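I opened this entry to keep track of what I looked up. The notes follow in the order I took them.

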Amino acid sequence: MAKLIDGKAISAALREQIKQETRLLAEQGITPGLAVVIVGEDPASQVYVRNKEKACEEVGFYSEKYALPAQTTQEELLALVEKLNHKPDIDGILVQLPLPSHLDEKAVIAAISPDKDVDAFHAVNVGRIMQGEYRFLPCTPAGIMELIHAAGVAVEGKECVVIGRSNIVGKPMAMLLLHENGTVTICHSRTKNLPEVARRADILVAAVGKAGFVTADMVKPGAVVIDVGMNRNAQGKLCGDVDFAAVSEIAGAITPVPGGVGPMTITMLLKNTLAAARR
Ligand code: NAP
């Protein structure tokens, strides 16, 4: 039976550390500040933003929320980003995605100062990650690396397979594993013989967005399985991309959903904001 990688507990310990460091920084008169911008009424985005605000409060950060109406124009949004870029009490800017379809996400991300880009989506920060320079790490992949480390797994020399190649999860995930000397394969919807490729993995990361995608026959005995997926099953219950019951019989270690990767993402956002404030 696989060892459970408890993202909730690992995340709680890291947030406690961030809280302590924030307290020390406060003695020097510095309070990390995060601005969260949300446009429109998307219910999932509202929940994410609320959780981010709550997390900031818990560790002693200053936070500002800008809730803009769905019909906000590109110019209005860019003007707000520009204002936040220059606001001295704000160290990190997060624009909650997805934006309503009339807005140009790429242009908005490009407008955020790379020094305040705590999501690490700006091309400058993406480029830095490619070069192996870690100013800000992309939150979800960085959280996954913390989980792998906490489970006592060394990446060096391991076969790593990432299923999914999105800019926010799959691609940066592959890069972080590569930087730790893993041998990395990225799978996607055009990959041939995906189960066969997945079965080679010592470390298997599933970031597909399809419930039950990773079945037991795709997993090498003893592998570390990281489930990034956040899906709703037919009963409306939150579940990952991995058939947890069957795969945990075979894997060496596995992250649950909920309680695995999810809690780590916001923790990494806090870590990035703290790093920005220090700078
Ligand atoms: P995405 O942009 O939709 O990317 C999904 C990837 O999966 C794509 O690269 C796609 O391949 C690949 N894919 C889809 N169907 C496939 C198939 N049948 N065979 C092989 N590959 C397939 O999603 P994302 O933003 O990366 O997110 C992935 C999942 O992680 C979602 O469930 C999301 O909700 C979750 N997520 C969780 C967190 C967290 O904090 N826990 C954070 C971010 C995302 P192509 O490129 O070829 O289309």
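I began with strand 8 (residues 224-227) and strand 11 (residues 253-254), which are joined by 2 bridges and run parallel. I looked up Val-225 and found its bridge partner in strand 11 to be Ile-254. I note here that the model is a predicted one.

Next I asked in what order the strands of the sheet lie. The order is 1-11-8-7-5-6, in an open sheet of 6 strands with parallel pairing. I then checked the edges, where strand 1 (3-4) and strand 6 (183-187) stand. Each of these has a single partner strand, so one side of each has no neighbour in the sheet.

I went on to helix 7 (residues 170-179). Helix 7 lies across strand 5 (159-163), strand 6 and strand 7 (203-206). Against strand 5, helix 7 runs at about 170°.

I then turned to helix 1 and helix 2 (residues 43-59). Their axes are 8 Å apart, and the two helices pack at an angle of about 55°. That angle makes helix 1 oblique to helix 2, because it falls neither under 35 degrees nor in the range 65 to 115. On the side of helix 1, the contact is made by Arg-15, Ile-18, Lys-19 and Thr-22. Helix 2 brings Ala-55, Glu-58 and Val-59 to the contact. By class, I noted 3 nonpolar, 1 polar and 3 charged residues in the contact of helix 1 with helix 2.

Helix 1 came up again when I looked at the second largest pocket. I wrote down a volume of about 220 Å³ for this pocket. Its lining has 15 residues, and Met-268, Lys-271, Asn-272, Leu-274 and Ala-275 lie nearest the centre. Which helix supplies the largest share of this lining? Helix 10 does, with 6 residues. Helix 1 (7-27) and helix 10 (261-278) each give at least two residues to the lining. I sorted the lining of the second largest pocket into 9 nonpolar, 2 polar and 4 charged residues.

Last, I looked for cavities. How many cavities of 30 Å³ or more are there? The count comes to 1. The largest cavity has a volume of about 50 Å³. I listed the residues that line the largest cavity as Ile-93, Val-95, Leu-97, Ile-109, Ile-112, Asp-117, Asp-119 and Phe-121. By class, this lining has 6 nonpolar and 2 charged residues, with no polar residue.

Terms used
Residues are numbered from 1 along each chain as its sequence is written. This is a predicted model: local features need pLDDT of at least 70, side-chain atom pairs count only at pLDDT 80 or more; totals for chains, interfaces and linings use all residues. Side-chain values use heavy atoms; hydrogens and water are left out. On a 1 Å grid over the protein atoms alone, a cavity is a set of points where a 1.4 Å probe fits but cannot get out, and a pocket is an open set with protein on both sides within 12 Å along at least five of seven lines; lining residues have an atom within 4 Å of a point. Grid points are joined across faces, edges and corners, and a volume is the space filled by probe spheres set on the points. Helices (H or I, at least four residues) and strands (E, at least two) are DSSP runs, numbered from the N terminus. Ala, Val, Leu, Ile, Met, Phe, Trp, Tyr, Cys and Pro count as nonpolar, Asp, Glu, Lys and Arg as charged, and the others, Gly among them, as polar. Axes are lines fitted to C-alpha atoms, for helices over the stretch in contact, and angles run from 0 to 180 degrees between N-to-C directions. Angles under 35 degrees count as roughly parallel, over 145 as roughly antiparallel, 65 to 115 as roughly perpendicular and the rest as oblique. Contact means heavy atoms within 4.5 Å. Two strands pair if DSSP finds at least two bridges between them.
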